[in-house]
Amino acid sequence: MLRTIDAMRDWAKTERQTGLRLGLVPTMGALHRGHLALVEEAQRRVNRVVVSIFVNPLQFGPAEDLAQYPRNLEDDLRQLQGLNVAAVFLPDSDEMYPGGLGVTRVTIPGLSEVLCGVTRPTHFNGVATVVAKLFHIVEPNVAVFGEKDWQQLVIIRRMVYDLNFRVSIVGVPTVRAENGLALSSRNRYLTQEELKKATALYHSLQEARQLYRQGERRRDALRRVVVDVLTNAGLSYEYIELVNPLTLQPSPEYLQGPTLVALAVHVGSARLIDNAILGREQLDEAALHGNGD
Ligand code: AMP
């Protein structure tokens with residue numbers, strides 16, 4: 001367990017000098033099977049996996065759930081124990097942002113204002129900034145992110161490309177509960193009843209997928225089934241959008257090529273996100289998942 005940047009850097013340097021390849025899995029803790037799938041994917045690709053646990057204040061808006069965000073270090077470490085993780089990086093806020101939240105920000109215009117960025121205008125700047133810092137501290141060969149946060153994945157890839165980071169970004173498909181609900185640390189905010197309601201997110205995406213398979217290509221018709229399933233479940237949504245999965249720009253009225261259906265929905269006190277890609281088989285997965293590192 002490493003708590004300082006210096007200790008993390010020294011450890012990584014020693015490992016690298018012996019010729020080992022490093023993988024990084026950035027998390028905010030409150031770990032679940034989704035996070036563990038990222039660790040397993042990293043382990044398939046490198047010799048030493050580092051998991052960072054840091055609830056990054058920079059990516060929370062002023063009215064968001066930073067103070068309430070679930071933290072359970074003991075349970076997190078227990079879950080990682082079975083997985084042969086080489087190091088856990090556990091900086092506190094003062095270590096990452098001495099004397100305040102710093103000044104420099106990494107911004108990715110175009111990708112970070114859409115979808116979740118509409119209501120969370122500084123969120124992705126906060127994410128990109130902390131991930132850039134983590135990449136400089138650990139210097140991993142590979143870093144693994146979840147497709148549940150598709151917009152985040154696209155933004156990190158863009159940052160790595162534009163700023164010439166020497167790291168391969170790998171995406172891992174969303175891990176779900178048996179009932180389809182995407183695992184999320186924020187599911188801990190939900191009551192049993194709300195957990196049941198929240199399965200409508202997955203069902204709405206499944207309905208859209210089925211309609212698409214039947215040949216429907218009208219954007220508005222595909223969006224409409226998602227709206228209907230969610231509103232019938234009594235849920236209010238922040239957005240439901242069909243966009244190009246790489247540029248995140250709105251899809252044309254008639255879908256051409258693979259399309260991301262992305263949604264953010266309020267369930268009780270939680271804001272949950274989920275997504276699906278229609279026509280994924282046409283997506284260039286090689287381009288999407290880096291160079292096979
Ligand atoms: P978080 O701790 O929520 O910041 O998430 C850390 C990483 O885990 C991010 O790359 C997320 O996309 C990923 N992640 C979260 N939930 C899931 C899930 N259900 N399946 C796959 N990856 C996930």
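**Exercise 1. Locate the residues that UniProt marks as "binding site" and decide how they sit relative to each other.**

Solution. The UniProt record (unreviewed entry) places the feature "binding site" at Gln59 and Gln152. They span 94 residues in sequence, yet no two of their C-alpha atoms are more than 11.6 Å apart, so they gather at one spot. UniProt positions follow the numbering used here, feature names are shortened, and annotations may be inferred rather than shown by experiment.

Some ground rules apply. The model is predicted: local features need pLDDT of at least 70, side-chain atom pairs count only at pLDDT 80 or more, and totals for chains, interfaces and linings use all residues. Residues are numbered from 1 along each chain as its sequence is written, and side-chain values use heavy atoms, with hydrogens and water left out.

**Exercise 2. Describe the surroundings of Gln59: is this residue buried or exposed?**

Solution. Step one: place it. Gln59 is in the loop between strand 2 (48-53) and helix 3 (73-81). Helices (H or I, at least four residues) and strands (E, at least two) are DSSP runs, numbered from the N terminus.

Step two: accessibility. Gln59 has a relative accessible area of 10%, so Gln59 is buried. Buried means under 20% relative accessible area, exposed over 50%, partly exposed in between (1.4 Å probe, protein chains only).

Step three: partners. Leaving aside neighbours within four places in sequence, Gln59 is in contact with Met28, Glu64, Arg120, His123, Gly126, Val127 and Val130. Contact means heavy atoms within 4.5 Å. The Gln59 side chain also makes a polar contact with the side chain of Asn56, at 2.9 Å. A polar contact is a pair of N or O atoms within 3.5 Å; within protein, one must be able to donate a hydrogen and the other to accept it, and residues adjacent in sequence count only if both atoms are side-chain atoms.

**Exercise 3. Repeat the analysis for Gln152: which residues is Gln152 in contact with?**

Solution. Gln152 is found in helix 7. Gln152 is buried, at 17% relative accessible area. Neighbours within four places in sequence set aside, the contacts of Gln152 are Phe124, Val127 and Phe145.

**Exercise 4. Work out how ring pairs connect Phe135, Phe145 and Phe165.**

Solution. Start with the rule. Rings of Phe, Tyr and Trp (its six-membered ring) pair if their centres lie within 6.5 Å; planes under 30 degrees apart count as stacked, over 60 as edge-to-face and the rest as tilted. The count comes to four aromatic pairs.

Take Phe135 and Phe145. Their ring centres are 6.5 Å apart and their planes stand at 75°, so the pair is edge-to-face. Phe135 lies in helix 6 (residues 123-138) and Phe145 in strand 4 (residues 142-146), so the pair ties together parts that are 10 residues apart in sequence. Phe135 is buried at 3% relative accessibility. Phe145 is buried, with a relative accessible area of 3%.

Now Phe135 and Phe165. This pair is edge-to-face, with 5.6 Å centre to centre and 70° between the planes. Phe135 in helix 6 is linked to Phe165 in the loop between helix 7 (150-162) and strand 5 (168-172), 30 residues apart. Phe165 is buried at 15%.

Result: ring pairs link Phe135, Phe145 and Phe165 into a cluster.

**Exercise 5. List the polar atom pairs between the ligand and Gly146, Asp149 and Val175.**

Solution. First, the shell: 17 residues surround the ligand, and the closest are His35, Gly146, Asp149, Val175 and Leu183. A residue counts as near if one of its heavy atoms lies within 4 Å.

- A polar backbone atom of Gly146 is 2.9 Å from a ligand oxygen atom.
- A polar side-chain atom of Asp149 lies 2.6 Å from a ligand oxygen atom.
- A backbone N or O atom of Val175 lies 2.8 Å from a ligand nitrogen atom.
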